[in-house]
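Here is a short briefing on a ligand site and a domain interface. Keep the structure open while reading.

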Amino acid sequence: MEYANQYDNSINNPSRYWLERSQAINWYVPPSTGLTNTSDTQYNWFEDGLLNTCYLALDYHVEQGRGDTVAFYYDSPVTGVKQQLSYAQLLAQVSVFAGAMKRAGICKGDTVIIYMPMILQAPIAMLACARIGAIHSVVFGGFAASELAVRIDDIQAKMVITASCGIEVDKIIAYKPLVDEAIKQATHKPATTVVYQRETLTAQCSRASDIDWMDFIIGAEAAPCEILKSNDPLYILYTSGTTGKPKGVVRDNGGHAVALKLAFNDIYGLSAKDVWWAASDIGWVVGHSFIVYGPLICGASSVLYEGKPIKTPNAGAFWRVISDYKVSSMLCAPTAFRAIRGDDPQGACASHYDTSSLRWVFVAGERLDSSTYHWIADLLKVPVLDHWWQTETGWPITAPMMGLNNPRPTRVGSTNNCTPGYDLRILDEDGQEVSTGGVGNICLKLPLPPGVSTGIWNQPNRYHNAYLSTYAGFYKTGDGGYKDEQGYVYITGRTDDVINVAGHRLSTAEMEEIVSSHEAIAECAVVGATDALKGQVPIGLVVLKAGSKISNADLQTALIARVRQKIGAVACFKEVFVVNRLPKTRSGKILRAVLRKIAAAETFQIPATIDNPEILGEIKEYLKAR
Ligand code: COA
Ligand code: AMP
């Protein structure tokens with residue numbers, strides 16, 4: 001079907017459109033309805049459908065005689081290990097691990113934290129949870145113990161699954177001490193911690209609740225798939241919001257599976273014959289949707305890469321992977337290509353590898369600047385396809401649809417048109433639609449399509465307050481942007497306190513809470529400054545308490561260490577400026593929107609309500625000198 005037909009059907013009659021699309025997956029009991037409204041803002045997809053996501057991802061393909069197809073190519077330049085697992089092998093390992101989880105008392109609806117590096121045991125643990133109806137919450141390895149503790153408490157995790165270590169370019173990150181510290185800090189204590197021991201480092205399993213992965217699975221019986229309702233939660237994934245507390249985005253089983261099937265086939269343009277590589281981490285939504293669930297539900301082969309774009313061992317790493325596994329298409333953040341270009345500006349490393357299997361490259365997670373776009377396109381000579389989405393949506397909102405006839409061509413700077421089900425409007429502060437080309441708040445008209453989260457774990461009102469309360473009948477994405485006359489969408493950046501560092505979403509509010517807890521700080525603002533490699537990096541602007549004795553250098557060291565200890569290395573908080581005052585309105589509110597513009601080197605208007613306009617010039621000078 002052509003794009004226009006499909007899109008119109010999805011907007012004009014969403015229930016019928018998605019019910020038809022739902023037939024593309026193998027339900028135990030197919031749904032009789034698409035959309036069921038319980039109120040204007042509350043609705044369910046495929047309410048009476050019964051399924052199991054692990055069944056769709058594994059058993060179904062084995063039943064279809066495709067058990068020998070490779071499910072995962074594991075490639076780990078940091079350890080030198082390469083391994084592949086067929087669908088049949090993966091099914092066997094997942095079923096036994098799921099059986100061991102059941103034996104340990106994990107039942108349908110129980111919650112499990114997975115804190116693991118990019119090794120095969122991570123998707124095995126995820127799929128095992130899905131198999132028995134346990135709800136997993138994967139925590140990215142770059143987060144510190146206290147972030148892990150917050151998540152353990154919020155989901156009241158019954159089990160933690162971890163590995164002895166992760167391996168970064170130049171260091172080994174021991175995970176088990178971080179888990180121990182997190183459990184110490186958490187009020188809730190998980191009953192069991194399963195530890196996968198890697199050759200690089202053996203972890204101490206000294207607590208009574210600790211168990212080695214191998215001991216855990218020994219003698220366990222393979223578990224069958226639990227029959228689940230479409231709306232039963234599959235996972236919770238925490239993401240940064242505009243407050244200091246991360247949000248646990250809840251994903252269902254049925255809507256998610258239907259949406260990922262469409263996305264993998266129609267957006268990424270791939271099928272079971274393809275090898276696909278999402279160069280991200282299972283700790284992010286890209287990893288959930290497009291390293292694990294999407295490609296597996298579609299029966300394709302997915303690359304699980306434990307390495308970086310550079311330094312593992314060099315700027316040719318990505319081209320080697322494409323060539324080794326004959327990758328059809330890949331997805332990564334533009335930062336990764338900027339890093340490669342930084343080390344190998346001419347792209348000379350690419351000439352050592354055969355990348356001819358690659359049909360197109362998708363990028364997302366942050367703005368794709370035009371120079372990076374042209375660098376990738378010129379080097380690889382394939383379409384470079386920017387697309388836009390969020391943890392909350394779980395799959396692309398705007399994207400070219402490479403699986404359809406005549407996909408809409410790329411327009412540099414745009415993330416293309418809406419995918420089926422997303423009715424995108426640009427609204428001004430009063431909720432009025434902005435005319436074509438005008439910049440405003442990007443909002444999505446309700447109902448949202450299947451797969452999009454409809455809840456925040458443990459906080460029933462937070463979803464409504466965060467996304468639905470500003471504009472009646474719309475979901476507020478938190479991004480600003482505009483649309484051109486042909487519906488192409490252009491993202492201009494976040495309109496809130498979320499920043500994007502190397503494609504990682506972080507909350508400046510959370511960093512501000514940590515910085516302002518230092519005894520010498522009177523007040524502070526953390527904003528995202530433009531960075532040539534990472535897109536944005538956080539910088540702290542701090543005002544000292546009167547009479548404070550600490551030197552600027554000592555203060556900077558202390559604040560950087562504190563953010564790293566509380567949030568983790570991933571925060572990349574490395575710059576602190578001591579200023580005399582922060583710009584404020586007459587009513588005493590810090591003008592964060594203006595600070596954001598200064599830090600991003602954008603032009604800004606001096607607000608009429610500002611109390612101390614001269615401070616803006618001072619801050620601009622500070623930041624220019626960085
Ligand atoms: N476990 C533990 N620590 C981690 C980690 C993990 N999984 N991932 C990153 N870190 C640490 C890094 O070691 C680094 O620590 P340091 O401050 O001690 O050096 C810190 O977190 C910041 O990491 P990162 O932002 O990755 O910076 P980098 O300088 O190590 O690498 C890039 C720069 C561009 C190569 C890297 O950011 C990258 O590959 N980006 C792609 C982004 C991406 O995949 N995004 C996913 C969304 S699509
Ligand atoms: P996350 O929830 O971590 O996936 O981050 C989502 C946010 O990343 C979005 O709200 C955007 O601000 C940003 N983002 C994602 N994709 C793009 C893109 N293609 N262009 C610009 N920003 C993007």
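A polar contact is a pair of N or O atoms within 3.5 Å. Lys171 fits that description: a polar atom of its side chain lies 3.1 Å from an oxygen atom of ligand 1. The model is predicted. Two topics follow: the ligand site, then the interface between the domains.

**Polar contacts of ligand 1**

- The side chain of Glu168 places an N or O atom 2.8 Å from an oxygen atom of ligand 1.
- Lys574 also takes part: an N or O atom of its side chain is 3.0 Å from an oxygen atom of the ligand.
- Ligand 1 has 940 Å² of accessible area on its own, and the protein covers 84% of that area.

**The shell around ligand 1**

- The shell holds 25 residues.
- The closest are Glu168, Ala502, Lys534, Arg564 and Lys574.
- By class, the shell has 13 nonpolar, six polar and six charged residues.
- Why does ligand 1 lie between domain 1 and domain 2? Both domains give residues to its shell, so the ligand sits between them.

**Domain layout**

- The domain assignment splits the chain into two parts.
- Domain 1 comprises 2-37 + 44-307 + 387-479.
- Domain 2 covers 502-624.
- The centres of the two domains, taken over C-alpha atoms, are 33 Å apart.

**Interface size**

- Interface size is often expressed as the accessible area lost when the parts come together.
- Domain 1 and domain 2 bury about 1200 Å² between them.
- Carbon and sulfur atoms give 45% of that buried area.
- Which three residues supply the most of the area that domain 1 buries against domain 2? They are Ser240, Gly244 and Trp284, with 37%.
- In contact terms, 16 residues of domain 1 meet 14 residues of domain 2.

**Interface chemistry**

- Seven residue pairs are in polar contact across the interface of domain 1 and domain 2, with both residues at pLDDT 80 or more.
- The count of salt bridges between the two domains is one.
- A salt bridge joins the side chains of Arg505 and Glu392, at 2.8 Å from N to O.
- The side of domain 1 that touches domain 2 has four nonpolar, ten polar and two charged residues.

**Recap**

- Glu168, Lys171 and Lys574 each bring a side-chain polar atom to an oxygen atom of ligand 1, at 2.8 Å, 3.1 Å and 3.0 Å respectively.
- Domain 1 and domain 2 both supply residues to the ligand shell, and the two domains also bury about 1200 Å² against each other.

Key: Residues numbered from 1 in each chain as written. Chains lettered and ligands numbered in written order. Predicted model: local features only at pLDDT ≥ 70, side-chain atom pairs only at ≥ 80, totals over all residues. Heavy atoms only, no water. Near = heavy atom within 4 Å. Polar contact = N/O pair within 3.5 Å; in protein donor to acceptor, adjacent residues only side chain to side chain. Areas by Shrake-Rupley, 256 points an atom, 1.4 Å probe, with all protein chains shown as cover. Nonpolar A, V, L, I, M, F, W, Y, C, P; charged D, E, K, R; others polar. Domains from an automatic or database assignment. Contact = heavy atoms within 4.5 Å. Buried area = accessible area lost by both parts, 1.4 Å probe. Salt bridge = Lys/Arg side-chain N within 4 Å of Asp/Glu carboxyl O.
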